[in-house]
Amino acid sequence: MSNPSILILPGDGIGPEVMAEVRRIIDWFGAKRDLAFDVSEDLVGGAAYDVHGTPLHDDTMKKAFEADAVLLGAVGGPKYDVLDFSVKPERGLLRLRKELDLFSNLRPAQCFDALADFSSLKRDVVAGLDIMIVRELTSGIYFGEPRGIIEEGNERVGINTQRYTESEIDRVARSAFELAMRRGKKLCSMEKANVMESGILWREVVTKVGEEYPEVELSHMYADAGAMQLCRWPKQFDVIVTDNLFGDLLSDAAAMLTGSLGMLPSASLGAPRDNGRPYALYEPVHGSAPDIAGQGKANPIACVLSFAMALRYSFDQGAEADRLEEAVNTVLANGARTADLLGEEGVTPLSTSEMGTKILEALDASL
Ligand code: NAD
């Protein structure tokens, strides 16, 4: 049988730097855990525009369809700000999400003990935090029609439409219930059923799907109340499922509970293929960080943790994902810090590759 395949798209700015460390870790799993992957690499974003005049070549799109998982670094940078909207680096990422139909966006908010003091919240509120926000990614108000800016009388009106079909709610709810089954078996659904019809339908459909998951404790919360609860006592949650707009806001707020952008992974999942593996894109939440690109300062952990999510959600290797996350935890507990994580005086920051080496050493020690 052939090895599972991964398409790597390093992208722009710090993307290639953090991805180089992930490649070393992928190789480690092949050499030390008998878990070999067929890895191929291609261009996305500005890097693709420079060569092909488009941020995502059709051949790359085809490879993304064929790969078992896609791992992306970051796209964008000041050099490309002047480009037409249609060929901006971000369009490459949006095309991947759209054509792979990645409707379920998983954003963990996990607080490593060693970094609890980085949060703007008190240590006891965030220490040990481990929650997952599932955001619907392909529908809702960012895509609904009608939309636009129209003339009405003697003024202009801006219009966007929140629209959800039952099947769109059903499939993202299902992915959230499945996730809850693998975690703490608690799911909180957030909408605004008090003021929005789409919220009423959302609540109805999620409740109905919930009947198929009697082991999962389902609750509902208005999204504004949810935002308050996330800041007040986030540990009350396990998995949260919500729509595209609320998910955009809530996942950013929840992620920031835990500190640096350089620590945050994400996964975007679509429908399962014939082999059971979902279409999947894994990427750090951060961008291309042009201010530090090329200096070896970037924190590779967000990208490394994105690969851990790939191990768990694409390759059914939960124990190996735990091993990698634990290696990151150990490294941080031992005081290893890249520049973005520096708080304490007298600690010398590690370079991107030095942090990669520390993680590899911790992986070796885990055997
Ligand atoms: P950014 O996430 O690139 O950077 C914000 C700040 O966080 C910067 O100071 C940066 O140095 C720091 N930072 C980010 N990741 C880091 C890491 N791994 N290690 C250490 N420090 C890190 O956001 P931005 O500056 O607003 O955007 C820069 C470019 O990235 C823009 O072109 C933007 O469009 C693009 N962008 C891309 C994505 C993506 O590819 N998914 C996401 C956001 C922004």
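How much area does the protein chain expose, and what share of it do carbon and sulfur atoms supply? In this predicted model, the protein chain exposes about 16500 Å², and carbon and sulfur atoms account for 51% of that area.

**View 1. Overall fold and extent of the protein chain in the predicted model.** The protein chain contains 12 helices together with 12 strands. Its radius of gyration is 21 Å, close to the 21 Å given by the globule rule for 367 residues, so the protein chain is as compact as a globular protein of that length. Measured out along the principal axes, the C-alpha trace spans about 60 × 50 × 50 Å.

**View 2. Burial and contacts within the protein chain.** Of the 367 residues in the protein chain, 51% are buried. When contacts are restricted to residues at least 6 apart in sequence, 74% of them join residues that are at least 24 apart.

**View 3. Charged side chains of the protein chain.** The protein chain carries 37 positive and 57 negative side chains, and the centres of these two sets lie 1 Å apart.

**View 4. Surroundings of Thr161 in strand β7.** Thr161 belongs to strand β7, which covers residues 155-161. Leaving aside residues up to four places away in sequence, Thr161 touches Gly140, Ile141, Gly144, Glu145 and Pro146. With Pro146 there is also a polar approach, in which a polar atom of the Thr161 side chain lies 2.5 Å from the backbone oxygen of Pro146.

How values were computed: Residues are numbered from 1 along each chain as its sequence is written. This is a predicted model: local features need pLDDT of at least 70, side-chain atom pairs count only at pLDDT 80 or more; totals for chains, interfaces and linings use all residues. Side-chain values use heavy atoms; hydrogens and water are left out. Helices (H or I, at least four residues) and strands (E, at least two) are DSSP runs, numbered from the N terminus. The radius of gyration is taken over C-alpha atoms; the globule rule is 2.2 Å times the number of residues to the power 0.38. Buried means under 20% relative accessible area, exposed over 50%, partly exposed in between (1.4 Å probe, protein chains only). Contact means heavy atoms within 4.5 Å. Accessible areas come from the Shrake-Rupley method with a 1.4 Å probe; for residues, only the protein chains shown count as cover. Lys and Arg count as positive and Asp and Glu as negative; His and the chain ends are not counted. The place of a charge is taken as NZ of Lys, CZ of Arg, CG of Asp or CD of Glu. A polar contact is a pair of N or O atoms within 3.5 Å; within protein, one must be able to donate a hydrogen and the other to accept it, and residues adjacent in sequence count only if both atoms are side-chain atoms.
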